[in-house]
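Visitor: I've got a structure to show you, and I'd like to walk through it with you. Shall we pull it up?

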Amino acid sequence: LTTMPLNGGKYYATWDVLSFTLTYDANGGKFDETTTTKDFSVDYGTAKADMPAPEAKPTREGHTFNGWLTASVPETMPAGPVRVFADWTPNEYDVTFDAGDGVFENETPDDPSDDTSSVTDPVEYDTPVYVPEEAPVKDGYTFDGWTADDGENVYLPGEEIGNMGADDVTYVAFWTPNNNTAYTVKHYYMDAEGNYPAEPAAEDI
């Protein structure tokens, strides 16, 4: 209008709905090698059920993705940014201590049936791994510790090895032969018919 009409006039405001940022935060994880967040532009007042979400799940070493922590998200998009965080559970991985030809003795020496050559325990990712307090035994050998790299690093009973990685790991016993171990060599002589006697003909110590 360039001139006021005789009967006056009424004017109405027009409004545009504003949009605000909804951010999904991987919370220690990643969507890819470099992306830790995903942003969406959401109109003010959009219902929670209609808000967009990432199609791809984030990943995080040593963890399982449980979903998004949406409990704190308003029922409708507010007039401001919203940030949603990923929910994670740490995984557990097996740590095995393998004595090989040695054994972990049970608490009843007269009953060796429960002796075992290895022990395995689950350990939560990124928490400390400890060497068992009990050392294995092996006839004719001295136990020197546990190793996972052919003796480059050797760990003793009760020591902390480090934090658990994202894979199962096995430590094997590291042994040194004893120099003062007595051995008995028994000699059995075969007769002309190819038979051996029940008792040795001679013994060397």
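Visitor: Let's start in the middle of things: which residue stands opposite Thr96, in strand 10?
Guide: Keep in mind that this is a predicted model. Strand 5, residues 92-98, pairs with strand 10 in the parallel sense, over four bridges. Strand 10 covers residues 169-177, and the residue there that stands opposite Thr96 is Thr170.

Visitor: And what is the strand order in the open sheet of four strands with strands 5 and 10 in it?
Guide: Pairing in this sheet is mixed. Neighbouring strands are turned by 20° against each other on average, ignoring direction. Reading across the sheet, the order is 6-5-10-8.

Visitor: Which strands of that sheet have one side left without a neighbour, and why?
Guide: In the order 6-5-10-8, look at the two ends. A strand at the edge has a single partner strand, so one side of it is left without a neighbour in the sheet. That is the case for strand 6 (118-124) and strand 8 (141-147).

Visitor: Back to strand 10: is Phe174 buried, partly exposed or exposed?
Guide: Phe174 is found in strand 10, and it belongs to a nonpolar surface patch with Val154 and Leu156, about 220 Å² of accessible area together. Buried would need under 20% relative accessible area and exposed over 50%. Phe174 has 33% relative accessibility, so it counts as partly exposed.

Visitor: What about the open sheet with strands 1 to 4: which are its edge strands?
Guide: This open sheet of four strands has the order 2-1-4-3, again with mixed pairing. Its edge strands each pair on one side only: they are strand 2 (37-43) and strand 3 (63-69).

Visitor: How many bridges join strand 3 to strand 4, then?
Guide: Strand 4 takes in residues 82-90, and the two run antiparallel. Thr64 stands opposite Thr89 in strand 4. The number of bridges joining strand 3 to strand 4 is six.

Visitor: Zooming out, how many helices and how many strands does the protein chain have?
Guide: From the N terminus on, the elements run β-β-β-β-β-β-β-β-β-β-β-β. The count is zero helices and 12 strands.

Visitor: Last one: what share of the residues counts as buried?
Guide: The accessible surface of the protein chain comes to about 14500 Å², and 47% of that belongs to carbon and sulfur atoms. With buried taken as under 20% relative accessible area, the share among the 205 residues is 24%.

Key
Residues are numbered from 1 along each chain as its sequence is written. This is a predicted model: local features need pLDDT of at least 70, side-chain atom pairs count only at pLDDT 80 or more; totals for chains, interfaces and linings use all residues. Side-chain values use heavy atoms; hydrogens and water are left out. Buried means under 20% relative accessible area, exposed over 50%, partly exposed in between (1.4 Å probe, protein chains only). Accessible areas come from the Shrake-Rupley method with a 1.4 Å probe; for residues, only the protein chains shown count as cover. Patches are made of residues with over 30% relative accessible area and no salt bridge: like charges are joined within 9 Å, nonpolar side chains (Val, Leu, Ile, Met, Phe, Trp, Tyr) within 5 Å. A salt bridge is a side-chain nitrogen of Lys or Arg within 4 Å of a carboxyl oxygen of Asp or Glu. Two strands pair if DSSP finds at least two bridges between them. Axes are lines fitted to C-alpha atoms, for helices over the stretch in contact, and angles run from 0 to 180 degrees between N-to-C directions.
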